[in-house]
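Student: I keep running into labels in structure descriptions and want to know how each one is earned. Please take me through them.

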Amino acid sequence: MNFGPVTLFLIAVTVLVSWQAFEKPKLLGRLILWPPAIDRHKQYDRLIGHGFIHADWQHLIFNMITLFFFGAGIERAFAPYIGPVGFLLFYVSAILVAILPTYLRHRHDPNYRSLGASGAVSAVLFASILINPWQLLLVLFIPMPAIIFGICYIGYSIWMDKRGGDNINHSAHLWGAGYGMLFTVIMEPRIIGVFLDRLMSPSF
């Protein structure tokens with residue numbers, strides 16, 4: 001099995017930086033998305049840095065397991081078009097694109113903070129769903145077609161983004177998912193036809 005060197009590199013860096021941030025609160029405080037620090041002090045690196053730190057080990061492991069299982073496949077699928085460096089830039093740009101609406105919404109809120117790779121991981125996951133909508137995912141150990149999971153995930157994220165109150169940045173999940181699909185279509189417009197053909201021909 002080809003695990004994908006860039007995917008493994010991203011996982012290793014994220015685990016290392018997150019682990020260091022767990023041990024060093026000052027590092028977490030410097031990397032976390034805190035909008036006033038960007039708006040007032042021009043610390044634009046936080047728009048990327050927040051994607052490499054996590055709230056706890058459970059948060060980190062969940063994101064990295066998802067990236068591990070879907071990242072290598074997307075890395076291989078993207079390779080003929082943009083190569084390994086292109087896939088790396090896709091992932092990093094997904095961190096940025098997924099968080100920008102959140103930053104703009106909360107840019108003057110000193111009490112708001114966000115962290116985690118979920119936006120970029122959502123971009124990878126939904127690029128995978130676009131390429132293979134009927135692949136089976138294990139959701140709480142229950143097999144589920146990717147397209148069904150995707151629909152439920154988007155619906156739940158929209159609902160929770162409006163409701164709020166759970167300290168999860170559902171907006172980043174939504175924008176990351178949208179970016180992953182849009183990037184894939186721009187890179188290879190024929191994927192729309194492939195997606196529709198596969199959607200009409202379920203296979204498990």
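Tutor: Let's start with contact: two residues are in contact when they have heavy atoms within 4.5 Å of each other. This is a predicted model, where local features need pLDDT of at least 70 and side-chain atom pairs count only at pLDDT 80 or more, while totals for chains, interfaces and linings use all residues. Residues are numbered from 1 along each chain as its sequence is written, and side-chain values use heavy atoms, with hydrogens and water left out.

Student: OK, which residues does Ala37 touch, setting aside those up to four places away in sequence?

Tutor: Lys42, Gln43 and Arg46. Ala37 itself sits in helix H3.

Student: What makes H3 a helix?

Tutor: Helices are DSSP runs of H or I with at least four residues, strands are runs of E with at least two, and the numbering starts at the N terminus. H3 covers 35-41.

Student: Why is Ala37 called buried?

Tutor: Buried means under 20% relative accessible area, exposed means over 50%, and partly exposed is in between (1.4 Å probe, protein chains only). Ala37 has 1%, so it counts as buried.

Student: And why is Leu104 called exposed?

Tutor: Leu104 has a relative accessible area of 52%, so it passes the cut-off and is exposed. You'll find Leu104 in helix H5. The C-alpha atoms of Leu104 and Pro35 are 8.2 Å apart, though 69 residues separate them along the chain.

Student: Tyr103 is in helix H5 too. Is Tyr103 buried or exposed, and how do you know?

Tutor: Its relative accessibility is 8%, so Tyr103 counts as buried. Ignoring neighbours within four places in sequence, Tyr103 is in contact with Pro35, Ile38, Asp39 and Leu47.

Student: What about Gly51: where is it, and what does it touch?

Tutor: Gly51 lies in the loop between helix H4 (46-49) and helix H5 (57-106). Leaving out neighbours within four places in sequence, Gly51 is in contact with Thr14, Ile95, Gly116 and Ala117. Its relative accessible area is 0%, so Gly51 is buried.

Student: What is said about the phi of Lys42?

Tutor: Lys42 has a positive phi of about 60° although it is not a glycine. For background, most residues other than glycine have a negative phi. Lys42 lies in the loop between H3 and H4.

Student: Now the helix pairs. Why are H7 and H8 called oblique to each other?

Tutor: Angles under 35 degrees count as roughly parallel, over 145 as roughly antiparallel, 65 to 115 as roughly perpendicular, and the rest as oblique. The axes are lines fitted to C-alpha atoms, for helices over the stretch in contact, and angles run from 0 to 180 degrees between N-to-C directions. H7 (residues 146-163) and H8 (residues 170-187) have axes that come within 8 Å and cross at roughly 140°. That value belongs to none of the named ranges, and H7 and H8 are therefore oblique.

Student: What do you call the handedness of that crossing?

Tutor: The H7 and H8 crossing is left-handed. That word applies when the near helix is turned anticlockwise from the far one by less than a right angle; clockwise would be right-handed.

Student: How do H6 and H9 compare with the angle rule?

Tutor: Their axes come within 8 Å and cross at roughly 65°. That makes H6 roughly perpendicular to H9. In this contact, Ile129, Leu130 and Ile131 of H6 meet Ile191, Phe195 and Arg198 of H9.

Student: How many of these are nonpolar, polar and charged?

Tutor: Five are nonpolar, none polar and one charged. Here Ala, Val, Leu, Ile, Met, Phe, Trp, Tyr, Cys and Pro count as nonpolar, Asp, Glu, Lys and Arg as charged, and the others, Gly among them, as polar.

Student: What makes Ser122 buried?

Tutor: Ser122 is in helix H6 (residues 118-131), and its 4% relative accessibility means that it counts as buried. Beyond residues up to four places away, Ser122 touches Tyr153, His173, Gly176 and Ala177.
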